[in-house]
Amino acid sequence: MSALNPPTKPCHNCRRQRLRCDRSYPHCNKCVNAGKECLGYGKLFRWTGSVASRGKLAGRTSSAPLDAAAAAAAGAAASSASASDAGSVTGSMPETPENLSVTTPARLEFLPSVTPSTSPQTTDVEALRHDGTQQDGHVQLVVRSPSSTSSEFSISSPWALADPLYQDMQVCKDLVSHDLPDRNPFRGLLPLTRAHPLLQHIIVAASAAHMSNLVRAPLAYQLKDVDHDLTAGIEQASRRALKDALIAKTKALTLMRGAVENIDTTGGDVVLAAALFFINVELIESGKHGWKAHLEGAGRIMSLLQPNMVADSALRDYMLSDCFIYFILASAFMPAASFDAQSYFQPAQIPSILQRAAANSYLCCPPEILTILHSASQLSNVPSDVASQEKIRDAGLALIQEAQSFDINGWANDVRNISYLQDAPIQSRIHAGSAHRLAACLYILQAIPSLSKMKNHDEMAEQLSREIFEHLSSIPDEDPNFKATTWPTFIAGAEAHGRARRDWVMDRLQRLVVSCPWGFLYTAMEALQVIWDLDNKRKGTKSWVQTLKNPEMNFLIV
């Protein structure tokens, strides 16, 4: 099965449960949203009573019960399997598409397979209750098909072989607004991992870090009252995945040096993709500090790219667009003098680059609004000896007027001209785009000091804040555009003064973590708490934008 050709049949889970499958590749969204492990579309291989010819299991069939010591030894051996060991169990694994194969196998790890039967939200957590042990004493190298008739959660017999490069593909889904099998350019990076170990390690690092957060995410919202053993099991599994992420990240950093020194041989697009995923890894981990160096490096690499070197124009457009989006959103809360990447991102390039990937951007923000936001961030750093406060104020008001006059409805309906996005939810796209536009206006109002001296400043801020809440409230959690509302939610939270609004914002961010488990969301919650604490202690001394520009904050919200 090729990633460019959508599956023609439902996945194994949906077919056995007689459900309608959306046939998303490589895992259907119905399984993912339900917390189930999708069995995919290829052939399933199972042990059929084969007799082991060597080792501690010699003479036993694959279904023979193991004692505790043997089970522990088997688990330990699997966790530290070498490349040759991994190759010896390939016959027992589900088929993977040819274009996902890699030259050097990533670390393979055994994880418990779970059969959900009640609330899908607790699937991953229940799987970890029996961390490191098995329930029925059997060991198997593939996922067993889930039972739809069980009355409670149970560990199916018993183990699934999980490789972060393949098992946690949701990172690619998070990078676009609508993930379609043949329309997500980031999936095109996977075939390149065969020839470029740098890409393999950094993608594994991103996937493992994402998996670490994915395991831990329910604790932030869904499972506030859980027993100690369950919590300990979750944290242990999360730490293991994070350890894998750090190992892969270290290897990628080592390889990155050689790739940069030989960029003509490696390929500019490959090195840019690696730099972008280094930023993504930092965002998945926490969004603090580390991203700045990688974003500056991405800017330098972009300046070296040659137009005739591109292998996949769509992929390059998305990578360039994401780098510019990260640069603009970082500039919003950075003093100009402390952000070295300024010289590598030319303002004149912003509109054309953002337009090329705007239709399916994960941010769901009009490129014109991002351009206005960038102008506002530059304006907020203009010293008084360069321009008068009156001129700066007039320029800020002009940017607010430009943003308010932008046609959000026309922008949202443009996607209907793109065949593969004709079914995109237009109404929620309008709400998400409107929330970003209003958030940009609110940012301008608070970022430019001279605007705070206007008589109607507080009234304007309150009106903008109220409208942002109205638009955000109109986008439900299950909507594809829900994950695109992080930035306006954060801006609305920074402006929130009442207890009810602050609780609403914090609750929404916790739900966003469950939907899109990136670590910068936890950092956003911490930053909001800092703003609120300062507001309670010394209200009116300075705007929250100036607070966020403190070098000690130094984080990225996207």
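## Confidence and helix packing in a predicted model

In this predicted model, confidence is lowest in helix α4 (residues 83-88), with a mean pLDDT of 32, and highest in α20, at 96. Over residues 62-166 the pLDDT is below 50, and this stretch has 204 contacts in the model beyond near neighbours in sequence. Averaged over the protein, the pLDDT is 75, and 70% of the residues score at least 70.

An unreviewed UniProt entry carries the annotation "domain: Zn(2)-C6 fungal-type" for residues 10-38. In the model, residues 10-38 are 38% helix and 0% strand, and the C-alpha atoms at the two ends lie 11 Å apart.

Two packed helices are described by the angle between their axes and the distance between the axes. Three helix pairs are set out below.

| Helix pair | Angle between axes | Axis distance |
|---|---|---|
| α19 (residues 457-473) and α20 (residues 486-495) | about 140° | 10 Å |
| α15 (residues 367-380) and α16 (residues 389-404) | roughly 165° | within 10 Å |
| α15 and α18 (residues 426-447) | roughly 10° | within 10 Å |

Helix α19 packs on α20 at an angle of about 140°, which makes α19 oblique to α20, as the angle does not exceed the 145 degrees required for a roughly antiparallel pair. The crossing of α19 past α20 is left-handed. On the α19 side, the contact is made by Ala461, Ser465, Ile468, Phe469 and Leu472, and on the α20 side by Pro488, Thr489, Ala492 and Glu495. By residue type, this contact comprises 6 nonpolar, 2 polar and 1 charged.

Helix α15 takes part in two of the tabulated pairs. With α16, the axes cross at roughly 165°, and α15 is therefore roughly antiparallel to α16. This crossing, too, is left-handed. Ile369, Ile372, Ser375, Ala376 and Leu379 of α15 meet Ile392, Ala395, Gly396, Leu399, Glu402 and Ala403 of α16. The residues in the contact of α15 with α16 divide into 8 nonpolar, 2 polar and 1 charged.

Against α18, the crossing angle of α15 is roughly 10°, so α15 is roughly parallel to α18. Here α15 contributes Ile369, Ile372, Leu373, Ala376, Ser377 and Ser380, while α18 contributes His436, Arg437, Ala440, Tyr443, Ile444 and Ala447. The contact of α15 with α18 is made up of 8 nonpolar, 3 polar and 1 charged residues. Ile369, Ile372 and Ala376 of α15 appear in the contact with α16 and also in the contact with α18.

How values were computed:
Residues numbered from 1 in each chain as written. Predicted model: local features only at pLDDT ≥ 70, side-chain atom pairs only at ≥ 80, totals over all residues. Heavy atoms only, no water. UniProt positions renumbered as here; feature names shortened; annotations may be inferred. Helix = DSSP H or I, 4+ residues; strand = E, 2+ residues; numbered from the N terminus. Axes fitted to C-alpha atoms, helices over the stretch in contact; angles between N-to-C directions. Parallel < 35°, antiparallel > 145°, perpendicular 65-115°, else oblique. Left-handed = near helix turned anticlockwise from the far one by under 90°. Contact = heavy atoms within 4.5 Å. Nonpolar A, V, L, I, M, F, W, Y, C, P; charged D, E, K, R; others polar. pLDDT = per-residue confidence, 0-100.
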